[in-house]
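Open the model in your viewer and set it to cartoon. Keep the selection tool at hand.

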Amino acid sequence: MTVEKPRHRSYWLREALAAEPALSAAETPPLDGDRRADICIVGGGFTGLWTAIHLKALEPALEVRLLEADICGGGASGRNGGFVMTWMSKAPTLLKLCGAQEGVRLLKESEAGVRTIGAFCREAGIGAHFRHDGWLWTATNKAQLGAWKPCLEALDKVGLHPFAELAPAEVARRAGSPGHLAGVHEAGVATVQPAMLARALRRRALDLGVRIHENSPMTALHRGTPPAVRTARGRVEARAVVLALNAWAYELPEFRRSVYPVSVDQLATEPVPERLARIGLADGVAISDSRLMVDYYRTTPDGRMVFGKGGAGHLLFGAKVGRKIEYPGTRHDEVMADLRRLYPDLADAPIAVAWRGPVARTSTGLPFFGRLEGAPGIVYGHGYSGNGVGPSYLGGRILASLALGRQDEWAATPLARGALGRLPPDPIRYFGGLLVRRAVMAKDRAEDEGRAPSALVRTLAGFAPSGLTPKRKG
Ligand SMILES: Cc1cc2nc3c(=O)[nH]c(=O)nc-3n(C[C@H](O)[C@H](O)[C@H](O)COP(=O)(O)OP(=O)(O)OC[C@H]3O[C@@H](n4cnc5c(N)ncnc54)[C@H](O)[C@@H]3O)c2cc1C
């Protein structure tokens, strides 16, 4: 496997690293030599770090080693929009895949997970700008109106009512722009400075005795018994290996048909607090629309707008995740155009940093966890499909149970039975993906202009996997 180091750090990671003591890197030296551990985790994002913390909470004496190719938080965890979401918007799929009882349990756990992350930020003394002001799931054109209805209906059937329906004027007021025509509000969602959270999880893991090796990419995975991980200068043999690789899992042949890496783009403006105050964006609410290439945005406490665009900014060809998925590319203009359309008052706000990062999509829009076939000592978890900041807390809990061979509700959940759907093989995936991507863009554009997309465009766009919000029919 190869992991390209980002040339370009996110705004979040720059801010988080600037606040760290200079000696911090010395605590996480690259792996050098052969080592043994009870559990070896590969990947130092939210999933790997929460897994380490859960493992130490369950069995404090465990020897846990974590290998990270870059620095902890260098992947998607330090680059995302910082929406700490529940799984409520995924309710229709989750309930279908897991059944009502387990589905409701996971939905409630995902809400509790957001609260636990908030408590962690407070206890760790970092704050991490955690603001529990909810999520506005909105429509920014007529075609998007009511996009949330199937989800609210599915939740209603199991007695859950996490979304409040707001009057259109209230949605526009809270979102700070009349471009928001309608929407619902989920109070259980929060926003956070994600890189600060990732670095605080790293700190907590170190304090619990987890040995972390940054700048230590796994170069080979030994699928025997016991399993082992090799890096350029060392090797870790362990009772169990946990792969917490996000989109990079795609580089392992086992996941080529179940994980679909795409890039997501994002930018942060310079502080413009007076303009945000003028349009009424005063709190930490998370806002998104309901298009397939979802626009999602929030402000920061120092008065920046952080605006992102989901969906496939870039599709991969071949077996490597590589560089293109890492850096702001040709899509900057597209992201800016959406920002200007929704917030004309911010049209000329100076951009501080623009970046992009990898998202692992799956055919269900939900992550999956499991054991590598033929190598039961190797467990994995990935595929959050753009909603991983909150759910990775639960993902870590599932992986901790799998790694320890526990027989509990986390190991038994249907989400821990491996991939729940398969994607087409290459080159159909790649060329089909390009067609679908073009169709999604054409559909979004037509709907913004109040036109009906053609039947062909609608059909092709229908093949896009769901992302942050579920797919709309038609
Ligand atoms: C721009 C962007 C915006 C997003 N916005 C949101 C949002 O607002 N809300 C939300 O819920 N989700 C969002 N997401 C998704 C969210 O960031 C992820 O679901 C979450 O961070 C996944 O955590 P992870 O630990 O699984 O992955 P990562 O944080 O990517 O961690 C995987 C780690 O594995 C390391 N690695 C890879 N290969 C190797 C190797 N060979 N050896 C060792 N280490 C390796 C990587 O360097 C990386 O640090 C967004 C993602 C992006 C990119």
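The tour below starts with the whole chain and then moves from site to site.

**Stop 1: the whole chain**

Bear in mind that this is a predicted model. Show everything first. The chain has 12 helices and 18 strands. Its C-alpha trace spans about 60 × 45 × 45 Å along the principal axes. The radius of gyration is 21 Å, which agrees with the value near 23 Å for a compact globule of 474 residues. Of the 474 residues, buried ones make up 61%. Now consider contacts with a separation of 6 or more: residues 24 or more positions apart account for 77% of them.

**Stop 2: helix α1**

Select residues 11-18, helix α1. Which of its residues are buried? They are Y11, W12, L13 and A16. Next, color the elements they pack against: α6 (194-207), β12 (260-269), β14, β15 (305-309) and β16.

**Stop 3: V84**

Move to V84, in strand β3 (residues 83-84). V84 has a relative accessible area of 0%, so it is buried. Add T191 to the selection. V84 and T191 are 107 residues apart in sequence, yet their C-alpha atoms are 5.4 Å apart in space. What else does V84 touch, leaving aside its neighbours within four places in sequence? Its contacts include V114, I117 and F130. V189, A190, T191 and V192 are also among them, as are V389 and G390.

**Stop 4: helix α5**

Select helix α5, residues 168-175. V171, A172 and A175 are its buried residues. They cover an arc of only 95° around the axis, so they lie on the same side of α5. Turn the helix around. A169 and R173 are exposed on the other side. Turn back, and show what the buried residues of α5 pack against: β4 (135-139), β6 (182-186) and β13 (286-288). Then step just past the helix to G176, which takes a positive phi of about 75°.

**Stop 5: aromatic pairs**

Switch on the side chains of Phe, Tyr and Trp. How many aromatic pairs does the structure hold? There are 14. Start with Y297 and Y343. Their ring centres are 5.6 Å apart and their planes are at 85°, so this pair is edge-to-face. The pair links distant parts of the chain, 46 residues apart. Y297 is in strand β14 (residues 295-299), and Y343 is in the loop between α8 (332-342) and β16 (351-361). Are these two buried or exposed? Y297 has 0% relative accessibility and counts as buried. Y343, at 1%, also counts as buried.

Go on to F369 and Y384. This aromatic pair is edge-to-face too, with 6.4 Å centre to centre and 75° between the planes. F369 lies in strand β17 (residues 368-372), and Y384 in the loop between β18 (375-382) and α9 (391-404), so the pair ties together parts 15 residues apart in sequence. Both F369 and Y384 are buried.

Finally, select W135, W137, W148 and F163. Ring pairs link these four residues into a cluster.

**Stop 6: strand β18 and its partners**

Keep β17 in view and add β18. The two strands form a hairpin with two residues between them. In the turn, G374 has a positive phi of about 80°. β17 and β18 pair in the antiparallel sense over five bridges. For one bridge, select G370; its partner in β18 is Y380.

Now bring in strand β11, residues 234-243. In which sense do β11 and β18 pair? Here the sense is parallel, over three bridges. V241 has I378 of β18 as its bridge partner. β18 is mostly covered, with six of its eight residues buried.

**Stop 7: charges over rings**

End with two arginines. Select R105 and W410. The charged end of R105 sits over the ring of W410, 4.4 Å from its centre. Then select R256 and Y250. R256 lies over the face of Y250, at 5.3 Å from the ring centre.

Note on methods. Residues are numbered from 1 along each chain as its sequence is written. This is a predicted model: local features need pLDDT of at least 70, side-chain atom pairs count only at pLDDT 80 or more; totals for chains, interfaces and linings use all residues. Side-chain values use heavy atoms; hydrogens and water are left out. Rings of Phe, Tyr and Trp (its six-membered ring) pair if their centres lie within 6.5 Å; planes under 30 degrees apart count as stacked, over 60 as edge-to-face and the rest as tilted. Helices (H or I, at least four residues) and strands (E, at least two) are DSSP runs, numbered from the N terminus. Buried means under 20% relative accessible area, exposed over 50%, partly exposed in between (1.4 Å probe, protein chains only). A charge sits over a ring if NZ of Lys or CZ of Arg is within 6 Å of the ring centre and within 35 degrees of the ring normal. The arc is that of the directions from the helix axis to the C-beta atoms. Contact means heavy atoms within 4.5 Å. Two strands pair if DSSP finds at least two bridges between them. The radius of gyration is taken over C-alpha atoms; the globule rule is 2.2 Å times the number of residues to the power 0.38.
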